[in-house]
Each structure stands twice: as C-alpha cells, then as structure tokens.
Amino acid sequence: MPRLPLLAFRNRIVFHSVFLLLALATLLLAVTLLREEKERAYQRYAQGFEHQLQALAARLRHPSGQLALLNPQAEAEDGQTPLLLPFSTIDFDDPAKTRSAVEMSGCARDQGEGRSLCLALGSNAFAGGFVYAIGALPAGPLQGRLPGQLLLDEVHRVRIGVQWRGQTQQWLAPFEAQSGGRFQQRGRLTGFELPPGETQLRPARPDRDFRGWLWREGPCLAEVATSTADDCPRQTMFSLRVPVAALQQALAAPRALVWPPADLSQLRLHIELLGPQGAVLFDNQAGPAHSPLTLGGLGHELQRGELLRISQQGRSVAELRGAASEPQDTLPSPWLTRLIRRLPLSQTPPPPLAEAEVLTPLGRYQLRLSGDWRSVDQALSAVATRVSWLVGAMLGAIFLAWAIITLGLMRRIARLTKRAAAVSYNMQPARIDERIGELDVADLRGRDELGILAGTLADLLSRAKLALRREQLRAEHERDMWHAVGHEIMSPLQSLLALHPREDDPKRRYLLRMQQAVRVLYGTASPSEALAAAALNPQALDLAGFVQLIAENAADAGIAAVQLTPWQAGALPVDADEHALEDVIAHLLRNADRHRHPGTAIRMTLEQAEGMAQLHVDNQGEAIPAALFDRIFDYGVSSATEGAEHRGQGLFVARSYLARMDGRIVAGHLPDGVRFSISLPLRTGA
C-alpha cells in the first residue's frame with residue numbers, strides 16, 4: 001500500500017482550523033454585543049430614572065394618588081373603615097358633583113356585580129364630624145315612604161350602623177320620593193336614629209344632621225324578556241352624610257386636635273340598602289371589596305433593587321422596594337449575571353438617586369428614589385438568557401456540522417482514499433499512459449486526498465464502466481428478446497392447439513398470425529424497438545364484420561362466453577392491418593378472461609362517434625388497482641400473480657399496434673367490472 005504524502009492532509013488541517021476560528025468568532029461576537037448592550041442599558045436606565053420618579057410624583061399629586069398618601073394603611077382595610085379624602089368635603093346633595101369627587105379620588109371599593117361604596121372623611125377637620133358614604137348598584141323601581149308611614153316592609157330604606165370608641169349608633173333612612181319619571185327616580189333618605197337594638201321605626205323627628213339622597217337613572221343595565229322598560233334595572237346611587245357622635249366630641253374637645261384621628265382604622269360602618277320584604281340589595285359586609293390605589297401598588301412599578309422612601313416632616317410614611325418578578329422562562333441566569341457584572345464600561349456611573357415633593361391638604365410629602373445598577377445587570381441577564389439559546393444553537397450547529405463532516409465524511413473518505421489507491425496501484429499496468437481512463441478529472445487531480453481519490457476513481461471507473469456497460473446491454477438484450485419471443489409465440493400456439501390441421505381449414509389465419517409474431521419480435525431488438533420497426537400493411541377493413549368473425553371463433557381459441565352485441569347500422573370501414581388488429585383484440589379478450597368472475601360473459605359492443613369507430617370489451621370482475629391504473633399500458637406492468645407467463649406485455653403490444661394505425665386504447669371502470677375501449681378513425685368517405 002503506498003504511503004500518502006504530508007500535503008495530502010493539508011485540507012484536513014485547514015478544515016479543523018476554520019471550524020475552530022468560527023466558534024471563537026461566534027463567542028467573541030456575543031460578548032462584544034453584550035458589552036455594548038450593557039453600555040446602552042446603563043445609559044437608558046440613568047436617563048429614565050429621573051423620569052420614573054417624576055411619573056410617580058405626578059400620580060401621587062392626582063387626587064387618587066393623594067388618597068393613597070393620606071391612607072397608607074388602606075390596603076389592609078376591609079371596606080368598613082372610612083378613608084381620608086384629599087378634599088375638605090363632598091357636595092353630597094348634587095349627584096354630578098358627588099360622582100365626580102368619587103371618580104377623581106378613586107375612593108370607591110368595588111364589590112362586584114356593579115356594586116361599589118366609598119366611605120370617606122373630609123381632609124378639613126372643622127367641616128364637621130361626618131362620614132360620607134357614596135354607593136352605586138343596579139336596582140329596579142324604588143318604592144317610597146308615604147308621610148307618617150311607620151311600617152317600612154314595602155319601602156326601600158337604608159340601614160346604617162356605626163361603632164367607634166365604645167359607642168354604637170344606628171339609623172334607619174327610608175326613601176321618600178320627590179320626583180320621578182319613566183326613566184329616573186330621585187328622593188331623599190330621611191334618617192331616624194334608633195336606640196340600640198331597635199329595628200322598627202317609631203314616631204319621632206328625623207335626625208337633622210343625617211342627610212341622604214337616592215337617585216335611579218340612566219339606561220337599562222340588563223335585558224329581560226318579561227320586563228318592561230320601567231321595570232328593568234338601572235344605575236342607582238345613594239349619597240349619605242352620617243354624623244358620628246364620637247367624631248363630633250373629638251372636635252369639641254379642648255385639647256389639641258389631631259387629624260385624622262390616630263384610631264380612625266378602628267371605626268366601623270355597616271351600610272345596607274333594603275328593598276321590599278327585607279330584600280338586601282346592598283351590604284358592605286357581604287363580600288370582599290377591592291381596595292383603590294394604595295402605596296403598596298406603586299411598588300410593582302419599581303424595578304428590582306429600587307427603593308422609594310416616602311416621608312413627611314422627617315417621619316417615615318412608607319418604604320417601597322421594587323421586586324418585579326420575571327416570568328419563569330425569562331429568569332436571569334446566575335452565570336450570565338456574573339459575566340455581565342465583570343464586563344468593563346467606558347465610564348463608571350454614580351449610584352442613581354432622585355428626589356421630589358408632593359403637596360397634599362395635610363402637608364408636604366418627600367419622595368426619595370434610589371436605584372441599584374445590579375437591577376440593570378439582572379434585567380440584561382434575563383434578556384441575554386433568551387439570546388444565549390441562539391448563541392448556543394449557533395455553536396451547536398457549528399459543532400454538529402464539524403462532527404458530521406469529520407466523522408461521517410472525512411474519515412470515510414480517508415479510508416476510501418487509501419483503499420482505492422491500493423486497488424489502483426495493484427491493478428494498473430506499468431505504463432503510465434495506460435492508467436488514464438475515460439473519466440476526466442484533470443481539474444481535481446492533485447497531491448491532497450481529494451486529488452488522489454479523484455485519480456483513483458477515474459482509473460477504476462474507466463475500466464469498470466466498459467465491462468459493466470457491456471454486461472448490462474447483453475443482459476437487457478437477452479431478457480427483452482426472450483420475454484418478447486416467449487410472449488408472442490405462446491398466444492398463437494395456444495390457438496393452434498384448438499385448430500384443425502387441414503390446409504383448407506378457414507381458421508388457417510392463426511398460422512399466419514404466428515408467422516407475423518415471429519417475424520416481428522424474433523430478432524435482436526427490444527420489444528419496443530421491434531414493434532416500432534414492424535412493417536404493417538393497413539387496408540380497408542369492415543370492423544363490424546371483423547369483430548363478428550373473432551367473436552365466433554373465440555371459443556376455438558380457448559375463450560368461452562364471448563358475447564357481441566350485433567351492429568345494425570351497416571359497415572364500419574377502417575384502415576387497419578388485419579393480423580395486428582386481431583392480435584390487439586385477442587390480447588384484450590385474454591386479459592378480460594383472466595380477470596372476470598367465473599361464469600360471467602365477456603361483452604363486446606361497437607359504436608360510431610365523431611368520425612371514430614369504437615369497440616368496447618367489458619368483463620365483470622375486480623377493479624384495476626389504483627396504483628396500476630395509470631401504468632397498465634407500460635411494458636412489464638402486470639397485476640397477475642398466478643404464473644410467470646404474464647409479464648405485462650399484452651396491453652403494451654395492443655397500444656403499440658394501435659398507435660401505428662392512428663388508433664388509441666383507454667381503460668375505465670364499470671359498476672360491476674372493467675371496460676377497455678379501442679378507437680380507430682373511420683375510412684375517409686365512409
């Protein structure tokens with residue numbers, strides 16, 4: 001075996017070096033892009049840090065934000081304690097102003113199903129010791145109280161209970177309609193203070209400090225098939241000013257006033273709106289209430305590591321720390337976070353810090369927001385974690401390509417090179433000029449592996465190609481010749497066995513047919529070439545009479561039960577070779593006989609349409625398999641399995657003969673079998 005020179009391994013060394021440099025370049029590109037992205041992330045964070053605090057301060061300057069500042073404990077409330085409003089009072093007698101104050105401050109707690117309630121105190125302590133209760137709910141028509149009526153079972157009414165500092169108060173406020181129409185109702189809620197434990201109204205004067213209104217207006221909130229427009233639920237709002245005795249006592253006390261009271265969170269109000277028969281339409285203790293904007297909710301707007309300190313006159317009000325959680329699939333990678341922290345920056349920025357002030361009715365609040373660069377690193381790590389899969393996929397693709405080429409191709413090529421060189425070295429003659437084969441590889445020859453392999457394969461293929469081609473031609477010629485000869489001679493011999501041997505026998509045409517088949521196919525050409533070169537002699541032929549003669553002699557040829565529908569329209573003159581056409585029809589009859597159901601007949605019918613004479617051969621049997629339907633006229637295609645004599649040549653011969661006579665043949669399916677149809681052009685002038 002010849003030894004390969006060192007230059008033969010040059011391409012392999014270059015190949016490994018290229019893949020190694022490609023992997024290193026991919027890693028270097030990823031690290032460079034990550035460092036540049038860190039620079040931009042720090043710049044964006046520094047620019048947006050001040051804007052973030054200003055945005056938070058703007059939210060806290062809004063009445064809803066001031067509500068959160070004035071009620072830092074509101075997140076833990078249960079919806080029964082009043083909140084301190086950023087307004088001194090609420091104009092509760094005007095529904096538009098009342099609704100506007102509630103919406104601006106955001107003090108309403110949502111209780112679901114369109115129900116909400118705002119319990120609030122004014123920010124001005126000297127506006128009176130009142131608690132405002134503004135509620136909304138969907139309700140049907142309101143039933144009002146008549147003057148002097150004490151039984152309220154059929155009247156809409158509000159029941160209020162207050163507990164604070166050991167005192168208990170309760171009121172019953174029936175609805176007294178003042179105006180009404182088809183689409184709206186308005187009226188006063190007249191409050192009667194009841195002794196503890198009392199539930200029934202007694203003759204008494206109403207509490208003049210208790211004020212309340214009830215409005216029902218707006219479009220229908222639901223469509224009910226059995227309700228009229230007057231009965232449908234509409235938006236209903238009640239507005240109450242509840243005098244709390246303990247608050248009024250605190251305001252009248254001689255000591256220094258503290259507003260809001262330190263124990264305001266212990267004040268509890270129970271408010272119910274009752275309908276006829278005691279139906280509870282609204283109850284602030286019925287279920288959980290969703291709190292309005294709270295300081296705790298602002299913490300979700302801070303980034304990880306940021307700290308917002310809220311203070312008033314040196315007193316800490318709240319500390320909010322950003323703890324924004326990333327989705328499970330975007331958590332920062334620990335090793336990527338450490339890598340990002342170690343990436344150098346062109347300039348180290350100072351720790352981020354920003355301050356702002358918010359003015360409220362109770363004084364100024366200071367906001368101090370401090371940031372942490374580590375949060376930027378973690379956010380960038382979360383993004384880089386997703387991108388790292390792409391970098392890993394690129395490195396994996398590079399390694400996979402290297403492994404496939406190295407292990408799957410180059411190693412095998414190296415082995416093939418050595419073995420091919422050895423085979424070529426042992427088989428070639430001594431003279432160099434005799435080693436050049438027919439394969440031209442002048443552009444690939446060289447001293448590397450590919451050049452050696454190309455030259456070796458050229459030598460081997462130049463010798464093997466000629467011998468293989470000769471053997472292939474000889475085998476194909478022999479196979480085609482004997483298949484054609486055997487097929488074409490078998491059919492006439494079967495017919496001769498049924499004929500009489502006399503010279504004057506009219507069935508002598510079968511002898512002529514055998515001679516024609518031998519003359520056409522017994523040669524040195526393939527079946528297709530032999531059929532194409534066969535000399536046909538088309539002559540005028542009456543197709544109707546010719547088919548009648550074949551049908552009458554079919555039984556003598558071994559094909560029984562052949563039925564021809566008589567042709568009553570005269571002659572069907574065509575130009576055809578008598579022997580070739582008989583061979584075509586015989587192939588169709590034998591094919592139909594082989595595939596028909598036992599005991600059934602083969603039917604032949606004649607037609608004339610559009611200048612063509614047609615012959616249909618029908619048999620009752622299985623349909624042509626779908627996989628063979630488009631190929632049944634090709635050479636060597638056959639669905640028969642019962643014997644080796646069926647080699648798929650009959651339909652091929654039929655199509656070839658008809659093509660030489662300007663005819664055609666098609667196959668089709670019938671409800672109970674198969675039909676083959678041949679068409680020949682009618683003789684000109686017929």
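Here is a short tour of the chain as a whole, its nonpolar cores, and a few residues worth a look. Please keep in mind that this is a predicted model. The protein chain has 686 residues, of which 42% are buried, and its secondary structure comes to 14 helices and 23 strands.

**The chain overall**

- Contacts across long stretches of sequence are well represented: among those between residues at least 6 apart, 68% join residues at least 24 apart.
- The protein chain has an accessible surface of about 37500 Å², and carbon and sulfur atoms account for 56% of that area.

**Nonpolar cores**

- As a background note, nonpolar side chains in soluble globular proteins tend to be buried together.
- In this model, the largest nonpolar core contains 59 residues, and I160, F238, L240, L295 and L308 have the most contacts inside it.
- Helix α1 gives the most to this core, contributing eight residues.
- If you centre your view on F238, you will find that its contacts beyond four places in sequence include L117, A133, I134, L189, W213, I271 and F282.
- Another core, of 46 residues, lies apart from the largest one, and L541, A544, I550 and M661 are among its members.

**Helix α1 and a surface patch**

- Helix α1 spans residues 10–61, and L27 is found within it.
- L27 is not buried but partly exposed, because its relative accessibility is 40%, which falls between the 20% and 50% cut-offs.
- Together with L20, L21 and L24, L27 makes a nonpolar surface patch of about 400 Å².

**R234, a buried arginine**

- R234 lies in strand β10, which covers residues 234–243.
- With a relative accessible area of 2%, R234 counts as buried, since the cut-off is under 20%.
- The side chain of R234 has a polar partner: one of its polar atoms lies 2.7 Å from the backbone oxygen of G218.

**D575 and its surroundings**

- D575 sits in strand β19, made of residues 573–576, and is partly exposed at a relative accessible area of 32%.
- Its side chain is joined to that of R683 by a polar contact of 2.2 Å.
- Setting aside neighbours within four places in sequence, D575 is in contact with P538, Q539, A540, M661, P681 and R683; of these, M661 is also named among the residues of the 46-residue core.
- D575 and D542 are 33 residues apart along the chain, and their C-alpha atoms are separated by 8.8 Å.

Methods. Residues are numbered from 1 along each chain as its sequence is written. This is a predicted model: local features need pLDDT of at least 70, side-chain atom pairs count only at pLDDT 80 or more; totals for chains, interfaces and linings use all residues. Side-chain values use heavy atoms; hydrogens and water are left out. Helices (H or I, at least four residues) and strands (E, at least two) are DSSP runs, numbered from the N terminus. Buried means under 20% relative accessible area, exposed over 50%, partly exposed in between (1.4 Å probe, protein chains only). A polar contact is a pair of N or O atoms within 3.5 Å; within protein, one must be able to donate a hydrogen and the other to accept it, and residues adjacent in sequence count only if both atoms are side-chain atoms. Patches are made of residues with over 30% relative accessible area and no salt bridge: like charges are joined within 9 Å, nonpolar side chains (Val, Leu, Ile, Met, Phe, Trp, Tyr) within 5 Å. Accessible areas come from the Shrake-Rupley method with a 1.4 Å probe; for residues, only the protein chains shown count as cover. A salt bridge is a side-chain nitrogen of Lys or Arg within 4 Å of a carboxyl oxygen of Asp or Glu. Contact means heavy atoms within 4.5 Å. A nonpolar core is a set of buried Ala, Val, Leu, Ile, Met, Phe, Trp, Tyr and Cys residues joined through side-chain atoms within 4.5 Å.
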